[in-house]
Amino acid sequence: MIIVTDYILDILLGLYVYTYPILLNTRTNFVVEVPRPQGFIVSEIINRVSVNEIYERLAKNDEQTQEIGTYCVFIVKKTNIDTLTLAKKMCSKLFCKTFETMGLKETRAIAYQSIVLVGCKKIEKRLSINDGDVNADAILWFCSNKEPYLIHNANKFHITILSENPSAILYIETMLKLLDSYEWYILNFFGYQRFGSRRPITHILGKNLIKEDLQGFLNTLCSSSSTHRNMNSLENVLCKSSETNLEKVLINIANKPLYRRIIELFVNAYQSYLFNKLLSVTWLKLLNTFSITEALKRLKSDYRYLPLPGYATKASGAIAVLLDEILATEDIDMNSFCLKMLKNMCFYGDYRESLTKVSEVVYNKYKNGIKMTFLLPPGSYATIVLRELLRCAPLLYT
């Protein structure tokens with residue numbers, strides 16, 4: 001049976017294992033497609049209401065009302081643009097101080113989410129961005145002088161999986177039934193997009209920063225394989241620097257909110273990579289002793305939360321031993337997560353559930369594919385659900 005991945009991209013991101021084994025005689029070599037963006041739709045559920053429903057309701061309301069308030073909540077439908085870039089553009093157009101989001105939704109998807117703009121000098125009912133395949137439509141929901149009460153309950157996904165191979169569809173059905181038999185619990189890995197949609201290097205940049213390897217940082221960020229850079233992008237600013245003045249440039253831009261967030265995301269991505277490694281090794285250790293069913297019970301009880309490594313996270317027992325081994329192979333320790341070059345900015349870490357539960361799963365089979373909808377808790381990744389189902393090359397569905 002197969003439980004360890006053989007895909008290089010998985011290994012590079014710490015995704016060493018799958019949750020469930022699959023018997024060799026049911027494994028098929030096939031090609032699938034998750035058509036982007038129309039085949040990958042995600043909507044936040046806020047205060048128990050799906051944001052796409054709020055968007056549709058607001059889009060039908062043509063009343064132009066004058067809104068005032070420190071916090072203005074926009075409901076956004078976006079395609080082929082990342083959340084940070086969109087929020088920055090909205091801030092720039094409305095002369096806002098900053099912004100807040102519930103999370104970073106996939107770039108190569110149709111995504112419905114909320115963006116809160118703070119301290120804007122002007123407010124418009126609707127903002128639109130249309131540039132080639134980049135489309136975003138933001139509609140004002142409401143403004144308030146108090147921080148809005150918004151609870152992010154879940155994310156709802158609508159996924160289309162296509163294949164011309166009937167055996168592939170049968171295989172996916174088999175995996176759907178397998179996951180259902182285990183109540184849809186899967187390992188709560190950080191997904192591919194956490195590390196960069198098509199160029200997953202953010203965790204490498206984070207490690208360069210943690211180790212204060214400025215030359216390595218520049219080489220990774222500014223390599224010839226880099227995608228085209230906009231003139232105002234962080235990459236363009238940093239890649240014009242030299243190793244000798246990069247530290248000064250980093251310190252300077254770290255005081256600018258958007259750039260600071262991106263730098264933080266680099267380090268956060270490295271923390272995510274370390275978590276993936278820890279979860280992979282923990283699962284392998286459990287399966288060396290226990291059955292799948294018993295190993296799941298152990299994760300739910302003894303190892304429900306695993307440390308997301310950082311300056312303040314602690315571990316004990318067997319997990320501490322595994323984490324120490326991982327950090328040793330990376331040649332870092334917990335003190336490394338305070339960056340001297342950024343005025344001792346510390347990344348304190350956190351604790352993350354080792355399992356996530358996919359809920360409200362509905363799927364329908366048709367001739368050349370399967371359409372499915374499901375809910376995931378905030379912070380869990382639909383691409384990890386697809387990875388568990390498909391067991392094929394990650395670039396086919398990310």
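Helices (H or I, at least four residues) and strands (E, at least two) are DSSP runs, numbered from the N terminus. The figures below show a predicted model.

**Figure 1. Surroundings of Ser 43 in strand β3.** Strand β3 spans residues 40-46 and contains Ser 43. The relative accessibility of Ser 43 is 4%, and this residue therefore counts as buried, the cut-off being under 20% relative accessible area. A polar contact is formed by the side chain of Ser 43, which reaches the backbone nitrogen of Asn 52 at 3.0 Å. When residues up to four places away in sequence are not counted, Ser 43 touches Asn 52 together with Ser 50 and Val 51, and also Tyr 112, Ala 154, Asn 155 and Lys 156.

**Figure 2. The two domains and the contact between them.** The protein chain is divided into domain 1, residues 40-153, and domain 2, residues 192-355. Between the C-alpha centres of domain 1 and domain 2 the separation is 28 Å. Eight residues from domain 1 and nine residues from domain 2 take part in the contact. About 760 Å² is buried between domain 1 and domain 2, with 60% of this area given by carbon and sulfur atoms.

**Figure 3. The side of domain 1 that touches domain 2.** Of the area that domain 1 buries against domain 2, 50% is supplied by Leu 84, Lys 88 and Arg 108, more than by any other three residues. Across the interface of domain 1 and domain 2, zero salt bridges are found by the rule. Polar contact between the two domains amounts to three residue pairs, with both residues at pLDDT 80 or more. Helix α3 (83-94) and strand β6 (98-101) are the elements that give two or more residues to the side of domain 1 that touches domain 2. By class, this side of domain 1 comprises three nonpolar, two polar and three charged residues.

**Figure 4. Surroundings of Leu 176 in helix α4.** Helix α4 covers residues 166-181 and includes Leu 176. Leu 176 counts as buried because its relative accessibility is 0%, where buried means under 20%. With neighbours within four places in sequence left aside, the contacts of Leu 176 are Trp 184, Tyr 363, Ile 370, Met 372 and Leu 389. Leu 176 and Asn 145 are separated by 31 residues in sequence and by 47 Å in space, C-alpha to C-alpha.

Key: Residues are numbered from 1 along each chain as its sequence is written. This is a predicted model: local features need pLDDT of at least 70, side-chain atom pairs count only at pLDDT 80 or more; totals for chains, interfaces and linings use all residues. Side-chain values use heavy atoms; hydrogens and water are left out. Domain bounds come from an automatic or database domain assignment. Contact means heavy atoms within 4.5 Å. Buried area is the accessible area (1.4 Å probe) that two parts lose on being put together, summed over both. A salt bridge is a side-chain nitrogen of Lys or Arg within 4 Å of a carboxyl oxygen of Asp or Glu. A polar contact is a pair of N or O atoms within 3.5 Å; within protein, one must be able to donate a hydrogen and the other to accept it, and residues adjacent in sequence count only if both atoms are side-chain atoms. Ala, Val, Leu, Ile, Met, Phe, Trp, Tyr, Cys and Pro count as nonpolar, Asp, Glu, Lys and Arg as charged, and the others, Gly among them, as polar. Buried means under 20% relative accessible area, exposed over 50%, partly exposed in between (1.4 Å probe, protein chains only).
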